[in-house]
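User: I am new to this model and would like a close look at one part of it. Please keep the sentences short.

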Amino acid sequence: MCTIIVTIRSVLWAVMTIAGSLMILVSLFTNRWLIGGFQVPKNGRSVESTFNNVMGKFSDFAEGRKIDDKIAFGIFLDCVKPEGSLIFEGECIPNLEKLKEQMLSENDNDFPHAWKGGIACFSFGLAIMVFTVVLSLLTPCCRYCFCCSVFTFCGSVQMFSAVLFTLGLLSYPAGWGSRKVVDICGSSQPFYLGECQIGGAYWMAVAGTVCTALASSLTVFAYKSTKSHKTQYRRQDGDKFICVP
């Protein structure tokens, strides 16, 4: 039977890891990254975009949902609200077939190339974070892997995830010059938003990135806490469950 060691710093690291992962996950499936209003159509494509937005509002009304007077976009341009009550405001699930078509398209007007890179960065980084969440729940009993401490390994890959999330956050404003964003925000350009504003989901992704970086830093203190004198003394006494500050 393994010796279970729980410390305040190891618990804090696990909580920060879970919090960062959840923030990124929720922000990705929320259409509150970009918020704008209805613009007067200037060409045929603008008319089509405005019509689609109006039909989306009508669909919300028909299904008894609260109608938002603003147009909101997430990092996924084409997504649908799940049926029934929403878990959180702005919940939106991407259409996988449409997303695959957009990701393979070479036309930047169909889907900004910068956002494609952002989705890849967020997806890869989130997969790493989910893996570290599993490891953080196992560290009270399993604190070593083949090559090094689990804390050291998790700290390294979590910092890599934080870098990926940062690249994803930077890629989003880089795509503001695409046609679909211009149709909503007017004279928008890369890193210039025009008549729109950044939504709360983007700032949630920023908070998730900060939590990920903090979790990476906390692994050092979590590892040291499992090697403290109090922990070693209690292990020498034969304790199998050790809980120390």
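The part I have in mind is helix α1, with a few other places afterwards. Which residues make the nonpolar surface patch, and is Leu-25 buried or exposed?

Analyst: This is a predicted model: local features need pLDDT of at least 70, side-chain atom pairs need pLDDT 80 or more, and totals for chains, interfaces and linings use all residues. Residues are numbered from 1 along each chain as its sequence is written, and side-chain values use heavy atoms, without hydrogens or water.

Start with helix α1, residues 8–28. Helices (H or I, at least four residues) and strands (E, at least two) are DSSP runs, numbered from the N terminus. Ser-10 and Leu-25 both lie in helix α1.

Ser-10 is buried, at 10% relative accessibility. Buried means under 20% relative accessible area, exposed over 50%, and partly exposed in between (1.4 Å probe, protein chains only). Ser-10 touches Ala-222 and Ser-225, leaving aside residues up to four places away in sequence. Contact here means heavy atoms within 4.5 Å.

Leu-25 is partly exposed, because its relative accessible area is 35%. Leu-25 joins Ile-18, Leu-22 and Leu-137 in a nonpolar surface patch of about 340 Å². Patch residues have over 30% relative accessible area and no salt bridge (a Lys or Arg side-chain nitrogen within 4 Å of an Asp or Glu carboxyl oxygen). Nonpolar side chains are joined within 5 Å, like charges within 9 Å. Helix α1 gives the most to this patch, with three residues.

Now two other serines. Ser-171 sits in helix α5, residues 150–174. Ser-171 is buried, with a relative accessible area of 11%. Its side chain reaches the backbone oxygen of Gly-168 at 2.7 Å. Beyond residues up to four places away in sequence, Ser-171 touches Ala-114, Trp-115 and Gly-118.

Ser-228 lies in the loop between α7 (200–226) and α8 (229–236). Ser-228 is partly exposed, because its relative accessibility is 21%. Ser-228 and Val-244 are 16 residues apart in sequence and 9.2 Å apart in space, C-alpha to C-alpha.

Last, the strands. An open sheet of three strands runs in the order β3-β2-β6, with antiparallel pairing. The edge strands, β3 (71–73) and β6 (197–198), each pair on one side only. Two strands pair if DSSP finds at least two bridges between them. Strand β2 (residues 34–36) and β3 pair over three bridges. Ile-35 has Ala-72 in β3 as its bridge partner.

Definitions and conventions:
A polar contact is a pair of N or O atoms within 3.5 Å; within protein, one must be able to donate a hydrogen and the other to accept it, and residues adjacent in sequence count only if both atoms are side-chain atoms. Accessible areas come from the Shrake-Rupley method with a 1.4 Å probe; for residues, only the protein chains shown count as cover.
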